[in-house]
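Got your viewer ready? Load the model below and follow along, one selection at a time.

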Amino acid sequence: MHTADFEVKPYPEMWAELDMDVARFDKARQMLGEIYGKMFLSQPNRPAGMVYFDNMISEIFGGRIKEMLAVKQEGRPVVGTFCVYIPEEIVVAAGGVCVGLCGGSQGSIPDAEKILPRNICPMVKSAYGFKAGRICPYFQIVDFVYGETTCDAKKKTWELLDRLVPTHVMEIPQMKKQRDRDLWLEEVKDFKTRVEEVCRKTISRDDLAGAIKVINDKRRALQRLTRLRAGTPAPISGKDALLIEQIAFYDEPIRFAAQVNALCDELDQRVAAAEGVVAADAPRVMVSGTPMALPNWKVHNLLETAGAVVVGEESCIGTRYFKDLIDEGAADMDRQLEALTDRYMQIDCSCFTPNDERVDQVLKEYRQSNAQGVLHYSLQFCHTYNIEEIKIREACEGEGIPYLAIESDYSPEDVGQLQTRIEAFLEQIRG
Ligand code: BJ8
């Protein structure tokens, strides 16, 4: 598709029915289409399999919403989440749909700042602002949302969000001792009960086994994509891979996995033919840190515009979401919930202390991705990632890995300064 032909499709009647601020949202829709056309469709030698994902963006405010409305009409719930700790397998087992609602846009932040303090994480503000401003169709259709107690900004915002949309909160432990695992298992059980109440359906062992398989398959497809990115020259851009990781949070999981696998078949051929999206000597950078929620493409765009290629995201919109699978062999519901709990306890979010397994994971992914440098990315005011960055830096420096840490938000104000720092970082890699 040509850059100028791309548009995010408008559905004003449906948006009006969803009680959205249609005029304002339509401007955001147009802007998203323009930015997407410029950033994504202009990339050279894109894999043909990206057409599906382009279409997912084109239909992000329409086709996918219609599918979710159809699910609701069948009496099945749509559940919004903000964190990879919320066990989507349980929602899928109950016949529902899970949608990630994290905010990655500057456009909704003024709505949030009418209520929330300015000096908190932009992702939390953006998410809250989408609901407060009625400018996100996903927020308008969810039956309820599930937050968590990972960081202070999130857990206190959920109390206010509950005034706008029913908001439940799972208590995520802060450590990984046996008693923390026990607590988390109890929370998982409560979550299952809550989802069953809303769905008016008791989840059977087979329901859960089926859902675990579906989500494992989605995670396996993303693991495969990650492995292929280790090829030199890189067979797909970091921007496209990040986009796929973002779409994983709102697409239908079976269809999504099939499309990722189809794309991977194409990338297999590219790797075999040593065909890439950049030259073999383009600097290869792994990004590590806070999640980049859609449409936050800022850092990847800066890196790749400067001639680098991003070869991995050690992030929740990245490997932290799909590196671990749930054991599919559990014999009964109790064992299944334990297997699920064990898988989720492996997520190495910086909200845990200590969290040294993340340091090891960064080094492991760095090696596996054939990267040549690590860029640590923290959203502004994210204390846990900002402080944990010290240990990541020490580990990278100890291994002689070129390293850059940046802290940023969604505004374009720091782009010039980031560009300069990124260019110097890439020079260091080239040197
Ligand atoms: S498991 S990383 S998705 S909490 S960036 S809102 S931590 S102030 S996003 Fe996260 Fe779950 Fe952890 Fe992953 Fe707070 Fe930090 Fe903002 Fe964050």
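The tour goes from the ligand to a pocket and ends at a single glutamate.

Keep in mind that this is a predicted model.

**Stop one: the ligand.** Select the ligand and show what surrounds it: you should pick up 17 residues. Cys121, Cys151, Cys316, Cys349 and Cys382 are the closest of them. Now colour that shell by class, and you get 13 nonpolar residues, two polar and two charged.

**Stop two: the second largest pocket.** Next, move over to the second largest pocket, with about 280 Å³ of space inside. Its lining counts 15 residues, and to find the centre you can select Thr226, Arg227, Thr319, Glu365 and Gln368, which lie closest to it. For the wider frame, show helix 11 (205-228), strand 6 (309-314), helix 15 (319-322) and helix 17 (356-368), the elements that each put two or more residues into the lining. Helix 17 is the top contributor, with four residues. Colour this lining by class too: seven polar, five charged and three nonpolar residues.

**Stop three: Glu389.** Now select helix 18, residues 383-398, and pick out Glu389 within it. Is Glu389 buried or exposed? Its relative accessible area is 9%, under the 20% cut-off, so Glu389 counts as buried. Which side chain does the side chain of Glu389 meet in a polar contact? Show Tyr403: the two side chains pair up at 2.7 Å. To finish, add His376 and Ala405, which Glu389 touches along with Tyr403, leaving aside residues up to four places away in sequence.

Technical notes. Residues are numbered from 1 along each chain as its sequence is written. This is a predicted model: local features need pLDDT of at least 70, side-chain atom pairs count only at pLDDT 80 or more; totals for chains, interfaces and linings use all residues. Side-chain values use heavy atoms; hydrogens and water are left out. On a 1 Å grid over the protein atoms alone, a cavity is a set of points where a 1.4 Å probe fits but cannot get out, and a pocket is an open set with protein on both sides within 12 Å along at least five of seven lines; lining residues have an atom within 4 Å of a point. Grid points are joined across faces, edges and corners, and a volume is the space filled by probe spheres set on the points. Ala, Val, Leu, Ile, Met, Phe, Trp, Tyr, Cys and Pro count as nonpolar, Asp, Glu, Lys and Arg as charged, and the others, Gly among them, as polar. Buried means under 20% relative accessible area, exposed over 50%, partly exposed in between (1.4 Å probe, protein chains only). A polar contact is a pair of N or O atoms within 3.5 Å; within protein, one must be able to donate a hydrogen and the other to accept it, and residues adjacent in sequence count only if both atoms are side-chain atoms. Contact means heavy atoms within 4.5 Å. A residue is near a molecule or strand if one of its heavy atoms lies within 4 Å of it.
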